[in-house]
Amino acid sequence: MNAAGISVWQIGSVAVQVALCVVGAPLLVGLMRTVRCRLEGRVGPPVRQTWRDLRKLLAKQRTQPEQSSFFFAVAPVVLVATTIVVIAFTPMVTTRTALLGGSDLFAIVFLLLLGSVSLALAALDTGTAFGGMGSSRLMAIVALAEPALLVAILALAAPVHSSSLPVIVAGSLHHPMWLATPQRLLAFGAFVIVILAESGRLPVDNPATHLELTMIHEALMLEYSGPDLAFVVLGESLRLTVLLALLSNLFFPWGIATALTGVSFVVAIAVLAAKVALLAVAVAAGEVAVAKLRLFRVPELLAGAFVLSVLAVLSALVIA
Amino acid sequence: MTNHSVAAALLALTSGTVLLCAALALWRRAARGIVSALRVQGYALAATAAVLGVQLHEPLLLVTSGLLVAVKGVAIPMLFGRLVRLDPASSETDPVVNVPASLVAAVVLTLVAFVATRPIVESVRGVPITLVPFGFATVLIGFFVLVARRKAVSQMVGLLLVDNGIGLVALLLTTGVPLLIELGGTLDVLLVVVVLRVLVTRMHAQLGVLDLDSLQELRD
C-alpha cells in the first residue's frame, strides 16, 4: 500500500487507538488495583480513582527541586510522548496501519527504553540518595531485560522474515499452527517476564509500596509532584497498557481487523479492550499469589527470560 | 494441513519441552521444583515416543511410551519426592556456579550442541532428525548440573537429565530403539536411582544433611 493510498480509516485507527489508550490506561491500572484488593478481601478504591487522582494532581502547582536542571521538567513529557508514539505505531486495531514503515518491533523497544532512560536521568538530576539508587536499579534491570526482549523478538520475526509488527501479526493470523510452536511458547514466557520487569510489577517491583529498601519505580518518581507527577503516573500506566496490548496482539491475534470496514473496527476495538483487560486481571491475580523477589534474585529471573528467548530462537532455526 | 505436519509440530513441541525442563532444573533452586521439572521431562519424553509410534505405525513404540510414563514420569519422581520430604533443606542455597551464570552456561551449551550436531542434521533431511540438537543439548545441560550443583538430589537429577537426553537422541535418530534395549536401559536407571536413594538415606542418617561437599574425608 503506497502513501497516497492511506485511507481515512487508517488515520482514524491511529487516532482511535491513541485516544483509547490515554483514556483507558489509568482505568486499567485502577482495574488491576481493584482486582487485587477484592482478591485480598478488601473493598479497594473504585476503578476510576486513578483518573480522579490525576485530575487532582493536574490542578496543583508545579514544584521543582532547587538544584535540578530543565531535564527534571522535560523527562515526564518525554516519557508520555515516546509512549504515545509507540501506541500510534503499534497495530492494535488493524494490521493495515497508516504508519507501516515505523511499526518495527526493534524501533518500539528502543522508544520504550528512551522513556525509561529519561526518567532515570531525571531521578539522578534531583541529586537525592533515593533518586540515584532508583535509577541505578532501573538501569540494572533494563540492561538485563532488553537483551531478552530483543532475542525473543528475533524468534517471532524469523518465521515471517520481517520484524515489522503488522507482518508478524498478519502472519500468525494466517497460520494458526504457529501459535503453538515451541518458539512462540518460549518467546511468550520471555515476553511475560520482561513485561513484568519493564512495567515494575511483582515479583520484580511492588507498585504499592514506598519501602526504601525495595522500591525501584517509586524511588524514581519520589521528587515529582503536581502536574509532573500526573504525567509520570500517566506515562507508566500507558507503558503497561501498550505492553499488554502488544503481548495480546502478538500471541493471541484473533479479532484484529484485517479489512478496513466500520464493523470490523468496532469488533476489533471491543476484542482488544477485552483481551487487554483479561491479561491485566490475570497479572493482578498473579500478583496476589507471589511475593516480591529479593533484588539480588531479580537477575536470576531475567537470566531465565534470556534463556527462554535464546531457546526460542534456536527452535525457530531448527524447525525452519 | 496434513497429518505429517501435525506430527512434526507435535514432535517439535515435545522435544522442545524436554530441553526446556533441563533449563528449568538449572533455573529453580527449590528441590521440589527441580524434581517437578524432571517429572514433566519424563512425560514429554514419553509423549515424543507416543507421537513417533503413531506417526510410524509402530505399536512397540507405544509400549515404550507407556514404560517411560511409568518409570520416568511416576516412579522416579516419587522416589525423589520422598527424599525431598526427608530433608526439607535439600534446596540449592549455595550452588558452585550461581544461577544467572549457569543459565548463561546453559545457553552456551545449547549453542555448542546445535553446532556439534549440524553434520548429522544436514546429512539427513527429515523432521525427527532435525530435532536431535534438543536431545544433545539436554545431555550437555545434565552434565553441567552434575558439575555445578552441590546437593545430592540435584546431582541425581543431573544424571537423569543426561539419561533423558540420550533417550531423546536415540528415539529421534533411530526412530525408536528395540524395545528390549529400551526396557534394559530404563530399568537400569530405575535401579541406579533406587541404589542412590538408599545411599543418600544413609548419608542423611549419618550427617543430617544431603550436601555432597561435606563428604571429604575417608574413614574406616
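A:L302 is in contact (C-beta atoms, placed from the backbone, within 7 Å) with A:I141, A:L144, A:A145, A:A148, A:I193 and A:A197, leaving aside its neighbours within four places in sequence. A:L302 is also listed, with A:A152, A:A190, B:A23, B:A25 and B:I141, among the residues with the most contacts inside the largest nonpolar core, which has 155 residues. Helix α11 (residues 298–319) of chain A gives this core its largest share, 16 residues. A nonpolar core here is a set of buried Ala, Val, Leu, Ile, Met, Phe, Trp, Tyr and Cys residues joined through C-beta atoms within 7 Å. A residue is buried if 20 or more other C-beta atoms lie within 10 Å of its own, exposed if 12 or fewer, and partly exposed in between, with C-beta atoms placed from the backbone. In soluble globular proteins, nonpolar side chains tend to be buried together.

This is a predicted model, in which local features need pLDDT of at least 70 and side-chain atom pairs count only at pLDDT 80 or more, while totals for chains, interfaces and linings use all residues. Residues are numbered from 1 along each chain as its sequence is written, and chains are lettered from A and ligands numbered from 1 in the order in which they are written.

**The two chains**

Helices (H or I, at least four residues) and strands (E, at least two) are DSSP runs, numbered from the N terminus. The pLDDT values give the predictor's confidence in each residue, from 0 to 100.

| Chain | Helices and strands | Buried residues | Mean pLDDT | Residues at pLDDT 70 or more |
|---|---|---|---|---|
| A | 11 helices, 0 strands | 48% of 320 residues | 84 | 95% |
| B | 9 helices, 0 strands | 45% of 220 residues | 82 | 90% |

In chain A, residues 24 or more positions apart account for 80% of the contacts with a separation of 6 or more. For chain B, 73% of the contacts between residues at least 6 apart in sequence join residues at least 24 apart.

The radius of gyration of chain A, taken over C-alpha atoms, is 19 Å, close to the 20 Å that the globule rule (2.2 Å times the number of residues to the power 0.38) gives for 320 residues, so chain A is as compact as a globular protein of that length. Along the principal axes, the C-alpha atoms of chain A fill a box of roughly 55 × 45 × 45 Å.

**Helix α7 of chain A**

Helix α7 (residues 182–198) of chain A has 17 residues, and at 1.5 Å a residue (the expected span being 1.5 Å times one less than the number of residues) it should span 24 Å; its end C-alpha atoms are 24 Å apart, which agrees. Of these 17 residues, 14 are buried, so α7(A) is largely enclosed by the rest of the structure.

A:E198 is found in this helix. A:E198 is buried, with 22 other C-beta atoms within 10 Å. Not counting residues up to four places away in sequence, A:E198 touches A:A145 and A:L243. From A:E198 to A:R239, 41 residues apart in sequence, the C-alpha to C-alpha distance is 8.7 Å. Just after α7(A), A:G200 takes a positive phi of about 65°.

**The contact between chains**

How many residues of chain A are in contact with chain B? There are 16 of them, in contact with 20 residues of chain B. Both α7 and α11 of chain A supply at least two residues each to the side of chain A that touches chain B. The most comes from α11(A), with 11 residues. By type, the residues on this side of chain A divide into 12 nonpolar, 3 polar and 1 charged. In this count Ala, Val, Leu, Ile, Met, Phe, Trp, Tyr, Cys and Pro are nonpolar, Asp, Glu, Lys and Arg are charged, and the others, Gly among them, are polar.

**A residue of helix α1**

A:T34 lies in helix α1 (residues 8–39) of chain A. With 19 C-beta neighbours inside 10 Å, A:T34 counts as partly exposed. A:T34 touches A:G44 and A:V47, not counting residues up to four places away in sequence. The C-alpha atoms of A:T34 and A:A284 are separated by 8.9 Å, and these residues are 250 apart along the chain.

**Confidence**

The model scores ipTM 0.78 and pTM 0.84. Among the elements of chain A, helix α8 (residues 217–220) has the lowest mean pLDDT (80) and helix α2 (residues 49–58) the highest (91). In chain B, the lowest mean pLDDT among the elements (76) belongs to helix α6 (residues 127–130) and the highest (90) to helix α7 (residues 132–148).

Methods
Contact = placed C-beta atoms within 7 Å.
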